Amino acid sequence: MIQRPIYINQLLKFKDVEIIKILAGIRRCGKSTVLDMYKDILVSKYNVSNDNIFQKKYTTKELPDCYNADDMYKDIKAAVSGKGHCYLLLDEVQEVDGWEKVVNSLFESFDVDIYITGSNSKLLSGEISTYLSGRFIQIDIFTLSLAEYREFRDNRNLSNDELFRQYLIYGGFPLIATLNNDPRDAYQIVEGIYATVIGNDVARRHKILNRELFDRVVRFIMENVGKTFSANSIVKFLKSERRSITAETIYNYLNWLEEAFVIYRCNRYDIQGKSVLKTQEKFYLADISLKYSQFGYDTTGIAAALENIVYLELR
């Protein structure tokens, strides 16, 4: 297992600190693997017994039908009762309605150190923030950086130029970095990730009725990575295509895409006024391969791709 020390070190910094650690990022960016790595370190370096580590993935594939928050609480309570200090590694908890009440109750009632992963930043909003107020820290997990990509591809003896060329073409999803060089296979896998995130985490979750128009907005954002634009500019563009949409709807779409970690918003900064400007933001993709999976690799968009990579590196 290839290590990702930038995230492991962040987790270790907050080990046994009485706050809930939330690892957040787009699907398939490696959150579950980071939890696996962290578990291995707890056992090997800190001599934590496996009996004192409760790890579970909360996805529809892993859970029985009708699994609910009560079941979640009973499972964890049974696993940690009478064992002293325990570590809870809970993966994709947003799939269980009411998980936040379970976590809050466990946090207050048991001697546990809690780590959570999720693919939707709604984990931290509204009512959930009320339950976990002041008790959590979010650690953003990104797809592979160039340095991490080198580690994944190190056995191929690539030159720096060839390594960067591949990184630019294939992006940083960890699974892609383990494959042989075939753009068709790579983009087909990323297309599957894209379809799941856009279809389930955004469109279905927010009950988007006009899916065709929503998809067109997403494609517009992808085509304009790194360019300054506003919701009104998208409205004008779609109006030129004889499609009607309001600026408020665009803002909703942008917020929901951010919540699913498909895009990141970069605000403009007024150097002289020392303030963040509220207009003409830029948006960057969680991984440039998301664009290629929809449009194919195109060298004419190299400047935007490079800017996207630099943005993620700085984050």
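**Reading pockets, a cavity and buried residues**

Mentor: T143, Y167, G171, G172, D287, I288, N308, I309 and L312 line the largest cavity. Bear in mind as we go that this is a predicted model.

Trainee: How many cavities of 30 Å³ or more does the structure hold?

Mentor: A cavity is a space where a probe fits but cannot get out. At that cut-off of 30 Å³ or more, the structure holds 1. The volume of the largest cavity is about 60 Å³.

Trainee: Which element gives the most to the lining of the largest cavity?

Mentor: Helix 14 does, with 3 residues. If you sort the lining by class, you get 4 nonpolar, 4 polar and 1 charged residues.

Trainee: On to pockets. How much space lies in the largest pocket?

Mentor: A pocket, unlike a cavity, is an open set of points. Here the largest pocket holds about 900 Å³ of space. It has 32 lining residues, and R27, R28, S32, K57 and E92 are the closest to its centre. Helix 2 (31-44), helix 8 (174-177) and helix 9 (183-204) are the elements that give two or more residues to this lining.

Trainee: Which helix has the largest share of that lining?

Mentor: Helix 9, which supplies 7 residues. As for class, the lining of the largest pocket comes out as 11 nonpolar, 10 polar and 11 charged residues.

Trainee: What does the second largest pocket look like, read the same way: which residues lie nearest its centre?

Mentor: I6, Y7, F142, L312 and R315 do, out of 19 residues that line the second largest pocket. Two or more lining residues come from each of helix 1 (5-13), strand 5 (136-140) and helix 14 (302-314). The space in this pocket is about 320 Å³, and its lining has 10 nonpolar, 4 polar and 5 charged residues. You've met L312 already, in the lining of the largest cavity.

Trainee: Back to the largest pocket and E92. Is E92 buried or exposed?

Mentor: Buried means under 20% relative accessible area. E92 has 8% relative accessibility, so this residue counts as buried. You'll find E92 in the loop between strand 3 and helix 4 (99-109). Its side chain makes a polar contact of 2.9 Å with that of S119. Leaving aside neighbours within four places in sequence, E92 touches K31, Y58, T59, T117, G118 and S119.

Trainee: And D91, where is that placed?

Mentor: D91 is in strand 3 (residues 86-91). With a relative accessible area of 5%, D91 is buried too. The side chains of D91 and K57 are joined by a polar contact of 2.8 Å. K57 is also one of the residues closest to the centre of the largest pocket. Beyond four places in sequence, the contacts of D91 are S32, L35, K56, K57, Y58 and T117.

Trainee: How do I read a whole helix? Which residues of helix 6 are buried?

Mentor: List the buried residues, then see how they sit around the axis. In helix 6 (residues 146-153), they are E148, Y149, F152 and R153. These residues cover an arc of only 135° around the axis, so they fall on the same side of helix 6.

Trainee: What covers the buried residues of helix 6?

Mentor: The cover includes helix 1, helix 7 (160-170) and helix 8. Two of those names have come up before: helix 1 in the lining of the second largest pocket, and helix 8 in that of the largest pocket.

Definitions and conventions: Residues numbered from 1 in each chain as written. Predicted model: local features only at pLDDT ≥ 70, side-chain atom pairs only at ≥ 80, totals over all residues. Heavy atoms only, no water. 1 Å grid on protein atoms, 1.4 Å probe; cavity = no way out; pocket = protein on both sides within 12 Å on 5 of 7 lines; lining within 4 Å. Points joined across faces, edges and corners; volume = space filled by probe spheres on them. Helix = DSSP H or I, 4+ residues; strand = E, 2+ residues; numbered from the N terminus. Nonpolar A, V, L, I, M, F, W, Y, C, P; charged D, E, K, R; others polar. Buried < 20%, exposed > 50% of the residue type's maximum accessible area, 1.4 Å probe, protein only. Arc of directions from axis to C-beta. Contact = heavy atoms within 4.5 Å. Polar contact = N/O pair within 3.5 Å; in protein donor to acceptor, adjacent residues only side chain to side chain.
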